[in-house]
Amino acid sequence: MSSKIQSTGRKRAAGAGKGRAIFSLTIHPGAALEDYVLGTPVLPISFSPRSAMSSSPPHVGPRAKDHQASAPESLPPPEANAEAIHFLNSLRQEEIQMLFFSETLAMVSNTGEPQGELTIDVQRGNHKDVSGDLLHCPLVHAYSKGFMDKTLCGNSLLGYLSWTLEIKEQHSQEFIKFHILPMERKVSLLKQEDQLAVTRRIKEGEEVKTEVTFFPWHSVAGFISESANLLLLRVMAWRRMVPSDARFLALDTEGKLCYSTYQALGSQTIQVDHQEVEVFIVEQTVHSEEGIPMSCQFYLLPDGHLAKRVQVGFPGCCVITKMPIIREEDEIEPRPVFEKKPLVWEEDMELYSRFLDRKEQLRLSHARYLRQHPEAKALVSDFLLFLLLRQPADVVTFAAEHFGPFALSWPPTPGLRSSNRPSPFGLLDPEFL
């Protein structure tokens, strides 16, 4: 893994001090996979170096001292286990296509007040590969927009995946419009031949920090991006199962690989749009190496629709307001087999009538042609006369010799018979063609 960091900025307003502000853009590890899209505005976004959630604008004051913990010993990079790889390899294109639909959820606070709206749309898209060819693949588009303490904030996500949920390309953006110090965060993932390029751009006021990291492609086997996570949850709901002891890979808030696990919490009956429906609950946990694990619970309908989303330890949630039409897998009936029956056309009145009409049509056409070309009847009569008089053993050769002189390229017949008679089929030899 290699990375490159670039930071640019200007001096802040008076009293802000030099360099970075004391408050940096921090998103809890649980937001690393889905909270880019699903977390704002009621889910955990922190603008404080502490883990406590704060929705107040950052205070711009003198720069505080930077406190950094001692660097831990270098550990081997995390790797997805065999259970996770097997589950991803078991995905089928027909199964993924059944999960192409759009859904919208309302984001509400812990008191039930509306805070915004979340939309997730999975459809069939076209992505251009390295060679320039357009390939069909799943396209995930999710976005949310709302207010947090009367402050506008939102997220957006656009990702292209393979049919086994490998990342092809993904772009995500998160913003919050503070009047004093607006924040913005952009993350891009792009597969480049044998590596995965991750570009993170964080903007705080006037200061911009950009970091580019490259991961070898073999080291990200079993990696679940934010867009892949949304589709993976639908697969688990459709199958109504979670792979046991599977450890996937994810990116934490610092752009480092970490483990991501899923656990089935069973079924529960909830009320949706004045209807009681049974949901399948899946809990996802992101295990950041530098922070505490963050968990999020997803309440999923049988066809993969998200009915409710709750982040453990934080107020607010996302809930569905209108009951969707539950999709079911189409049962493909076997093709009917019809036995072949013999066709007795003489007994079919319509076919027999067509036969008689065609027969009379041909008879009249032949008679008309012979009346228009009397020489044809004379030639045939002359040939039959000679044939019956000579009665040759080889009728085909006799016919060739009889009609040969009528050909334009036929050589002149000598006055005297010769023992070296030319073959009547000489015109068919290659030297004559």
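C137 has a relative accessibility of 0% and therefore counts as buried, where buried means under 20% relative accessible area, exposed over 50% and partly exposed in between, with a 1.4 Å probe and protein chains only. The model is a predicted one, in which local features need pLDDT of at least 70 and side-chain atom pairs count only at pLDDT 80 or more, while totals for chains, interfaces and linings use all residues. Residues are numbered from 1 along each chain as its sequence is written, and side-chain values use heavy atoms, with hydrogens and water left out.

**Cysteines**

The structure holds zero disulfides, a disulfide being a pair of cysteine sulfur atoms within 2.5 Å. For C317, the closest cysteine sulfur is that of C318, at 6.9 Å, which is too far for a bond. C317 counts as buried because its relative accessibility is 13%.

**Overall content**

The protein has seven helices and 17 strands. Helices (H or I, at least four residues) and strands (E, at least two) are DSSP runs numbered from the N terminus. Of its 433 residues, 41% count as buried. Among contacts between residues at least 6 apart in sequence, 54% join residues at least 24 apart; contact means heavy atoms within 4.5 Å.

**Helices α6 and α7**

Two packed helices are described by the angle between their axes and the distance between the axes. Helix α6 covers residues 374-390 and helix α7 residues 395-403; they pack at an angle of about 130°, and their axes are 11 Å apart. That angle makes α6 oblique to α7. Axes are lines fitted to C-alpha atoms, for helices over the stretch in contact, and angles run from 0 to 180 degrees between N-to-C directions. Angles under 35 degrees count as roughly parallel, over 145 as roughly antiparallel, 65 to 115 as roughly perpendicular and the rest as oblique.

On the α6 side the contact is made by D382, F383, F386, L387 and R390, and on the α7 side by V395, F398, A399, H402 and F403. These residues divide into seven nonpolar, one polar and two charged. Ala, Val, Leu, Ile, Met, Phe, Trp, Tyr, Cys and Pro count as nonpolar, Asp, Glu, Lys and Arg as charged, and the others, Gly among them, as polar.

L387 lies in helix α6 and, at 17% relative accessibility, counts as buried. Residues up to four places away in sequence aside, L387 touches P392, V395 and F398. Its C-alpha atom is 9.4 Å from that of H402, and the two residues are 15 apart along the chain.

**Positive phi angles and strand β14**

Two residues that are not glycine have a positive phi, as listed here.

| Residue | Phi | Loop | Relative accessibility |
|---|---|---|---|
| R240 | about 55° | between α4 (226-239) and β12 (247-251) | 36%, partly exposed |
| D273 | near 55° | between β13 (257-272) and β14 (275-287) | 33%, partly exposed |

E276 is placed in strand β14. With a relative accessible area of 69%, E276 is exposed. Neighbours within four places in sequence left aside, E276 is in contact with T269, I270 and Q271. E276 and M323 are 47 residues apart in sequence, and their C-alpha atoms are 9.9 Å apart in space.
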